[in-house]
Amino acid sequence: MQKLSGLRPLLVRPPLRDLPELPEGESPVKRVQGTSPERLVQSTPPERLVQMGYISAPFGIKGWVKVHSYAGEDGRLAEYPTWWLGNSSAAGNEWREVAVEQSQMHGMDVVAKLAGCDDRDAAASFKGQTVAVPRDAFPPIESGEYYWADLVGLRVRNSEGLVFGVVSSMLETGANAVMVVRQVVQQSVVDGVKNRHDRYGRYDTQERLIPFIAPVIKRVDISEGLIEVDWGADF
């Protein structure tokens, strides 16, 4: 049977790389106007960033930060030499790249020393920031393996051609990964209104939990944006 597994971004060891060499006398750290500490900034973020966790608090008094990693104790986030920090919900979706001078696991979290962050007050300024890495920094994987980030957003269709919706997120149950598949429910016309909203202005949706295991997953086509499953409409 073909090996089939959905890999969280940190379950495969990312490649370590050195920072690019700079001309003599040029610093890799630029000051962001009106902010402290100094941060390594790249003006244009990569086309696709994958959120890996968020900075939850300062750690100690020497400028270290504590990061809640979405991959828990796996720890691969600690091996990336640079992180992208930002707030994906903020206007403009602004991100900035920061060099990671030192990092290590601390229980289920990652603790790190960021470039230019030298005291607790500076570390506190990062609290709440999302930590992301470029998708193209992930290492290649074997046939039949998939990063979770690549599965989210794909349409899910069963063998009878019924489309269940799209993968909105992935869950880890311990035994296997599970796809959370959501679909806007096409309501009948009620009082002249189609696709009725709830009181928060959201569309009604239907959610299915489908295990990401070989007997269920018949085909994954990233380029087509499709996952075919052996899954009944009544499950």
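Visitor: Which sense do β9 and strand β10 pair in, and over how many bridges?
Guide: Strand β9 and strand β10 (residues 163-172) pair in the antiparallel sense over three bridges, where strands are DSSP runs (E, at least two residues) numbered from the N terminus and two strands pair if DSSP finds at least two bridges between them. This is a predicted model, in which local features need pLDDT of at least 70, side-chain atom pairs count only at pLDDT 80 or more, and totals for chains, interfaces and linings use all residues. Residues are numbered from 1 along each chain as its sequence is written, and side-chain values use heavy atoms, with hydrogens and water left out.

Visitor: And what's the bridge partner of Arg155 in β10?
Guide: The partner of Arg155 there is Val166.

Visitor: How many bridges join β9 to β14?
Guide: Four bridges join β9 to strand β14 (residues 226-229), and these two run parallel, with Arg157 partnered by Glu228 of β14.

Visitor: Where do the side chains of β9 point?
Guide: They alternate along residues 155-158, so that Val156 and Asn158 point to one face and are buried, while Arg155 and Arg157 point to the other and are not; buried means under 20% relative accessible area, exposed over 50% and partly exposed in between, with a 1.4 Å probe and protein chains only.

Visitor: New topic: how many aromatic pairs are there?
Guide: The structure holds four aromatic pairs, meaning rings of Phe, Tyr and Trp (its six-membered ring) with centres within 6.5 Å, where planes under 30 degrees apart count as stacked, over 60 as edge-to-face and the rest as tilted. One of them is the tilted pair of Tyr54 and Tyr70, 6.4 Å centre to centre with 50 degrees between the planes.
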